[in-house]
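Please open the model in your viewer and keep the selection panel at hand, since each stop on this tour begins with something to pick. The route runs from a pair of strands to the interior and then out to charged and aromatic side chains.

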Amino acid sequence: LGKAYTYLRMALVIEDAEFQHILRILNTNVDGRERVAIALTKIKGIGRRFSNLICKKANIDLAKRAGELNEDEIETLKAIIASPRQFNIPDWFLNSQKDRKNGKWSQVVSNNLDTKLRDDLERMKKVRLHRGLRHYWGIKVRGQHTKTTGRGVVRPT
């Protein structure tokens, strides 16, 4: 009971000349010391399952660090993210399903995700949908109770 345990963590030591500590992928700084699948989740719009899937489609070893990727592998990842349907990624996996304007299925990432969400909210407000009105009023949107909770939020005037 009186023993003190010490846990040792191994430091990541990489002595490769081509290793990049910070990568720039889709306008996002990605930590090169993390594994590829985890590092890709730092890009907005890419989750753990999608990053895992695109690494498998690009034939990239999941144990590899992001800083060890060469330019060809990075370009392959970007191509898969830009057009996932061409690489046989199923439609149900994508985060923008059947867009209202053009009817296309796609994976929206980075700055485009913010733009799409803002446009969708503006459309809901313009059409006067119940959900859009609740966004406009600054109250709960998804069916939560509002009788006693959410009173501390200051609404814009």
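Two strands are taken as paired here if DSSP finds at least two bridges between them. Bear in mind throughout that this is a predicted model.

**The hairpin**

Select residues 22-25, which make up β1, together with residues 28-31, which make up strand β2. These strands pair in the antiparallel sense over 4 bridges, and they form a hairpin with 2 residues between them. In the turn, look at Leu26, which has a positive phi of about 50°. Now show the side chains of β1: Leu23 and Ile25 make up the covered face, while Ile22 and Arg24 make up the uncovered one. If you follow Ile22 across to β2, you arrive at its bridge partner, Asp31.

**The nonpolar core**

Next, select Leu40, Phe50, Ile54, Leu77 and Ile89, the residues with the most contacts inside the largest nonpolar core, which has 25 residues. Two or more residues of this core come from each of β1 (22-25), α1 (36-40), α2 (48-57) and α3 (71-82).

Stay with α2 and colour Phe50, Ser51, Leu53, Ile54 and Cys55, which are the buried residues of this helix; they pack against α1 and α3. Just beyond the helix, α2 is followed by Asn59, whose phi is positive, near 55°.

**Phe50 and the aromatic cluster**

Which residues does Phe50 touch, not counting those up to four places away in sequence? Displaying its surroundings should bring up Ile81, Pro84, Ile89, Phe93, Leu94 and Gln107.

Keep Phe50 and Phe93 selected and add Trp92, for Phe50, Trp92 and Phe93 form one aromatic cluster. The structure holds 2 aromatic pairs. In the pair of Phe50 and Phe93, the ring centres are 6.2 Å apart and the planes lie at 40°, so this pair is tilted. The pair links distant parts of the chain, with Phe50 in helix α2 and Phe93 in the loop between α3 and α4, 43 residues apart. Trp92 and Phe93 also form a tilted pair, with 5.1 Å from centre to centre and 45° between the planes. As for accessibility, Phe93 is buried, with a relative accessible area of 16%, whereas Trp92, at 58% relative accessibility, counts as exposed.

**Salt bridges**

Finally, turn to the charged side chains, where the count comes to 8 salt bridges. Select Lys44 and Asp114, whose side chains meet in a salt bridge at 2.8 Å, N to O. Lys44 lies in the loop between α1 and α2 and Asp114 in helix α4 (residues 111-127), so this pair ties together parts that are 70 residues apart in sequence. Lys44 counts as partly exposed at 45% relative accessibility, as does Asp114 at 32%.

Then select Asp99 and Lys116, whose side chains meet in a salt bridge at 3.2 Å, N to O. This pair, too, links distant parts of the chain, with Asp99 in the loop between α3 and α4 and Lys116 in helix α4, 17 residues apart.

For the last stop, where along helix α4 do Glu122 and Lys125 sit relative to each other? Being 3 residues apart, Glu122 and Lys125 are separated by about one helical turn, and they form a salt bridge in which the closest N and O atoms are 3.9 Å apart. Glu122 is partly exposed, with a relative accessible area of 44%, and Lys125 is likewise partly exposed, at 28%. Adding Asp120 to Asp99 and Lys116 completes the view, as salt bridges that share partners join these residues into one network.

Definitions and conventions. Residues numbered from 1 in each chain as written. Predicted model: local features only at pLDDT ≥ 70, side-chain atom pairs only at ≥ 80, totals over all residues. Heavy atoms only, no water. Core = buried A, V, L, I, M, F, W, Y, C linked by side-chain atoms within 4.5 Å. Buried < 20%, exposed > 50% of the residue type's maximum accessible area, 1.4 Å probe, protein only. Contact = heavy atoms within 4.5 Å. Salt bridge = Lys/Arg side-chain N within 4 Å of Asp/Glu carboxyl O. Phe/Tyr/Trp six-rings, centres within 6.5 Å; stacked < 30°, edge-to-face > 60°.
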